[in-house]
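Good morning, colleagues. I would like to take you through one structure today, beginning with its side-chain contacts and ending with how far the coordinates may be trusted.

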Amino acid sequence: MAVDAVATGEGQEAAALLERTRETVDPELRRTVGSLPGGMRRVAMYHFGWEHEDGTPAGAGAGKAIRPALVLASAQALSGPGGHGNDGAVREAVRAAAAVELAHNFTLLHDDVIDKDVRRRGRPTAWTVFGIPDAVITGDAMMALALRLLAEDPHPASAAASARLAACVIELCAGQQADCAFEDRPQVSLDECLTMATAKTGALLGCACALGALYAGAGPEEVDAMDAFGREAGLAFQLIDDLIGIWGDPGHTGKPAGADLIARKKSLPVVAALTSGTGAGEELAALYAGPMTGEDVTAAARAVERAGGRDWAQAHAADRMGRAVQELSRAVPDLAAAGGLLALAEFVTRRTK
């Protein structure tokens with residue numbers, strides 16, 4: 001989603017925060033990616049949107065920067081008297097923010113291969129341009145860069161941050177493995193799907209918030225509360241992302257209409273529909289039993305909606321955001337000090353493309 005498309009109010013605050021994050025973190029990110037050997041550097045620079053396939057400069061951005069923004073906003077909210085932050089804490093957390101973004105992009109490079117996605121951010125995916133081996137290897141190198149950034153950071157929280165990020169990535173990989181396994185199973189429960197989504201998406205958003213708290217010098221209870229905040233917001237994020245995967249505008253998503261349905265992914269709205277016990281749910285199960293034509297994709301989207309999957313996902317996203325705010329208040333009792341975090345949470349759950 002283009003940042004300038006965000007609505008007024010909290011959306012504008014989130015847009016400004018994301019823009020500041022890119023300005024703050026991108027130099028560190030580019031410096032770190034630039035340290036890769038030539039072949040991997042070329043793939044990484046293309047994946048981030050900084051270069052074209054031939055290595056010439058490109059005007060594309062490196063994504064929305066939600067995760068590094070959460071690191072910096074968490075550091076801001078939890079540093080200083082009464083939780084009102086200072087710019088020094090944000091500057092000290094830049095390497096941690098870059099590390100989280102590198103870990104995120106490690107997952108994107110691998111996910112594109114696993115899901116056989118051919119478009120990302122409006123361009124051909126790296127594996128379709130450079131081949132599967134180079135894309136996978138570059139993803140591996142990005143994860144190593146993330147951990148190296150933290151290992152070389154003199155900040156006293158860097159060791160704890162490194163351990164936390166490593167544990168998070170293991171959990172994230174387990175979520176991805178479960179997601180892949182679901183594709184071959186005729187039946188998946190909603191609880192299983194929620195657990196998978198929490199690991200696959202919520203874990204890294206939680207880790208981002210926890211790292212910001214660590215770099216602000218927060219105590220264990222505050223760090224855990226921030227992790228919980230990010231996880232709940234992350235699940236809300238995934239629910240909205242799943243809705244976009246069915247009803248998103250291809251002009252903004254860079255993917256075909258109903259991309260998740262074409263791939264017969266058992267996303268959260270789909271599983272809610274499949275387990276609804278309705279006639280529409282049975283119709284969707286029949287459509288998922290075979291390859292999808294264009295007409296089938298349209299019919300499947302209608303079946304998900306008629307079975308209540310769309311309404312359930314929207315309502316559950318709102319519920320998870322309510323839980324997220326409760327967790328945030330444990331770490332930052334004066335929520336006025338957490339305006340940036342609340343704006344980001346609002347951004348990820350109100351987006352429509």
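Which residue lies over the face of Trp247, and at what distance from the ring centre? In this predicted model, the residue is Arg310, placed 4.2 Å from the centre of the ring. A second arrangement of this kind involves Arg67, whose charged end sits over the ring of Phe237 at 5.5 Å from the centre.

Let me turn to rings that pair with other rings. A search of the whole structure finds 2 aromatic pairs. One of them joins Tyr46 and Phe130 in an edge-to-face arrangement, with 5.5 Å from centre to centre and 75° between the planes. This pair links distant parts of the chain, since Tyr46 belongs to helix H2, residues 38–47, while Phe130 belongs to helix H6, residues 126–130, and 84 residues separate the two. Both partners are shielded: Tyr46 is buried at 5% relative accessible area, and Phe130 also counts as buried, at 17%.

The other pair is formed by Phe48 and Trp50, and it is stacked, with 4.6 Å between the centres and 15° between the planes. Phe48 is buried with a relative accessible area of 0%, and Trp50 counts as buried at 4%.

The cysteines may interest those of you who work at the bench. How many disulfides does the structure hold? The number is 0. Cys168 is in no disulfide, and the nearest cysteine sulfur, which belongs to Cys207, is 4.3 Å away. A pair of sulfur atoms must lie within 2.5 Å to be counted as a disulfide, so the 4.3 Å between Cys168 and Cys207 does not qualify. For Cys209, the closest cysteine sulfur is again that of Cys207, at 9.3 Å, which is too far for a bond. As for their surroundings, Cys168 counts as buried at 5% relative accessibility, and Cys209 is buried at 0%.

I now come to helix H14, which spans residues 279–288. Its buried residues are Ala280, Gly281, Leu284, Leu287 and Tyr288. Why do these residues lie on the same side of H14? They do so because they cover an arc of only 120° around the axis. The general background is that an α-helix has 3.6 residues a turn, so residues three or four places apart point the same way. What do the buried residues of H14 pack against? Their partners are helix H12 (259–262), helix H13 (268–274) and helix H15 (294–306). On the face turned away from the buried side, H14 carries the exposed residues Gly279, Glu282 and Ala286.

From H14 I move to another part of the chain. Ser79 is placed in the loop between helix H3 (66–78) and helix H4 (87–92). Is this loop residue buried or exposed? At 4% relative accessibility, Ser79 counts as buried. Ser79 and Gly281 are 202 residues apart in sequence, and their C-alpha atoms are 49 Å apart in space.

Finally, a word on confidence. The mean pLDDT of the protein chain is 91, and 93% of its residues reach 70 or more. Residues 1–8 stand apart from this, as pLDDT stays under 50 there. For that stretch the model has 14 contacts beyond four places in sequence. Where pLDDT is low, the predicted coordinates should not be read in detail.

Definitions and conventions: Residues are numbered from 1 along each chain as its sequence is written. This is a predicted model: local features need pLDDT of at least 70, side-chain atom pairs count only at pLDDT 80 or more; totals for chains, interfaces and linings use all residues. Side-chain values use heavy atoms; hydrogens and water are left out. Buried means under 20% relative accessible area, exposed over 50%, partly exposed in between (1.4 Å probe, protein chains only). Helices (H or I, at least four residues) and strands (E, at least two) are DSSP runs, numbered from the N terminus. The arc is that of the directions from the helix axis to the C-beta atoms. Contact means heavy atoms within 4.5 Å. pLDDT is the predictor's confidence in each residue, from 0 to 100. Rings of Phe, Tyr and Trp (its six-membered ring) pair if their centres lie within 6.5 Å; planes under 30 degrees apart count as stacked, over 60 as edge-to-face and the rest as tilted. A charge sits over a ring if NZ of Lys or CZ of Arg is within 6 Å of the ring centre and within 35 degrees of the ring normal.
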